Amino acid sequence: MCDYCDCRSISEIGELSIEHERVLELTHSLRHQTIDAAHHDAIDRDVRALRSALAPHTRREEAGIFSVLAMVDCPPAYRRRFLDDHAHIDEMVDAALCDHTIVPDLTALVEQHVFEEETDLYPALRQLFAPSDWHIVEDRVKRAREPEPATN
């Protein structure tokens, strides 16, 4: 992972980067499995684990950094690129449970997305966000983690 600009010293980026490491462990495992009937259960297990790792990570990024990114001077297409990747990855994870032949494409997409966030997005956020923006990110992430109030 890139740490040239010290963006990982920002708490939120550091935590997201640690989550990326777990995601990459799973894609590594998937990449080295043979797509055949003998490995069917292991592939399903790893794809489900990947989905479990990605869901809260994606929610955290979208509720926090991407919502604040929309408030700063940044082209909307830049933000949209990462959000579109999230949607595409989610679709591919679900599809991979039914069709293991797409696992290589899924792992390549996830690994490229992580690379782009680590070497492009996170360093850019270090430059774009003021300290007050990071407080907003932290507040939004915290609220996103809280359960929805029960309605009667």
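**Helix packing and salt bridges in a five-helix chain**

In the predicted model, helix 1 passes helix 4 in a left-handed crossing. Helix 1 covers residues 11-31 and helix 4 covers residues 103-128, and the axes of these two helices come within 10 Å of each other while crossing at roughly 160°. Because angles over 145 degrees count as roughly antiparallel, this crossing makes helix 1 roughly antiparallel to helix 4. On the side of helix 1, the contact involves I13, L16, S17, H20, V23, L24, T27, H28, L30 and R31, and these residues meet V103, T107, V110, E111, V114, E117, E118, Y122 and L125 of helix 4. When the residues of this contact are sorted by character, 10 are nonpolar, five are polar and four are charged.

These two helices belong to a protein chain that contains five helices and zero strands, so that the order of elements, read along the sequence, follows the pattern α-α-α-α-α. The C-alpha trace of the chain spans about 50 × 50 × 25 Å along its principal axes. Of the 152 residues in the chain, 41% are buried. Among the contacts in the chain with a separation of 6 or more, 73% are accounted for by residues that lie 24 or more positions apart.

A second packing arrangement is found between helix 2 (residues 40-69) and helix 3 (residues 76-96). In general, two packed helices are described by the angle between their axes and the distance between the axes. For helix 2 and helix 3, the angle is about 165° and the axes are 11 Å apart, and the two helices are therefore roughly antiparallel to each other. The crossing in which helix 2 passes helix 3 is left-handed. Helix 2 contributes V47, L50, R51, L54, T58, E61, E62, F66 and L69 to this contact, whereas helix 3 contributes Y78, R79, F82, L83, H86, I89, V93, D94 and A96. The residues of the contact of helix 2 with helix 3 divide into 11 nonpolar, two polar and five charged.

The surroundings of a single residue, V23, can be followed in the same manner. V23 has its place in helix 1, and with a relative accessibility of 1% it counts as buried, because residues under 20% relative accessible area are classed in this way. When the neighbours within four places in sequence are left aside, V23 is in contact with L50, A53, L54, V110 and V114. V110 and V114 also appear among the residues of helix 4 that meet helix 1, while L50 and L54 are among the residues that helix 2 brings to its contact with helix 3. The C-alpha atoms of V23 and L121, by contrast, are separated by 17 Å, and these two residues are 98 residues apart along the chain.

Charged side chains were considered next. Side chains of opposite charge can pair when their charged atoms come close. A search of the whole structure finds 11 salt bridges. In one of these, R60 pairs with E12, and the closest N and O atoms are 2.6 Å apart. Since R60 lies in helix 2 and E12 in helix 1, the pair ties together parts that are 48 residues apart in sequence. R60 is buried, with a relative accessible area of 7%, and E12 also counts as buried, at 5% relative accessibility.

The side chain of R60 meets that of E19 in a salt bridge as well, with a distance of 3.0 Å from N to O. Here R60 again lies in helix 2 and E19 in helix 1, so this pair ties together parts that are 41 residues apart in sequence. E19 counts as partly exposed, at 25% relative accessibility.

A further salt bridge joins the side chains of E116 and R81, at 3.7 Å from N to O. E116 lies in helix 4 and R81 in helix 3, so the pair ties together parts that are 35 residues apart in sequence. R81 counts as partly exposed, with a relative accessibility of 32%. Elsewhere, salt bridges that share partners join E12, E15, E19 and R60 into one network.

Terms used:
Residues are numbered from 1 along each chain as its sequence is written. This is a predicted model: local features need pLDDT of at least 70, side-chain atom pairs count only at pLDDT 80 or more; totals for chains, interfaces and linings use all residues. Side-chain values use heavy atoms; hydrogens and water are left out. Axes are lines fitted to C-alpha atoms, for helices over the stretch in contact, and angles run from 0 to 180 degrees between N-to-C directions. Helices (H or I, at least four residues) and strands (E, at least two) are DSSP runs, numbered from the N terminus. Angles under 35 degrees count as roughly parallel, over 145 as roughly antiparallel, 65 to 115 as roughly perpendicular and the rest as oblique. A crossing is left-handed if the near helix is turned anticlockwise from the far one by less than a right angle, and right-handed if clockwise. Contact means heavy atoms within 4.5 Å. Ala, Val, Leu, Ile, Met, Phe, Trp, Tyr, Cys and Pro count as nonpolar, Asp, Glu, Lys and Arg as charged, and the others, Gly among them, as polar. A salt bridge is a side-chain nitrogen of Lys or Arg within 4 Å of a carboxyl oxygen of Asp or Glu. Buried means under 20% relative accessible area, exposed over 50%, partly exposed in between (1.4 Å probe, protein chains only).
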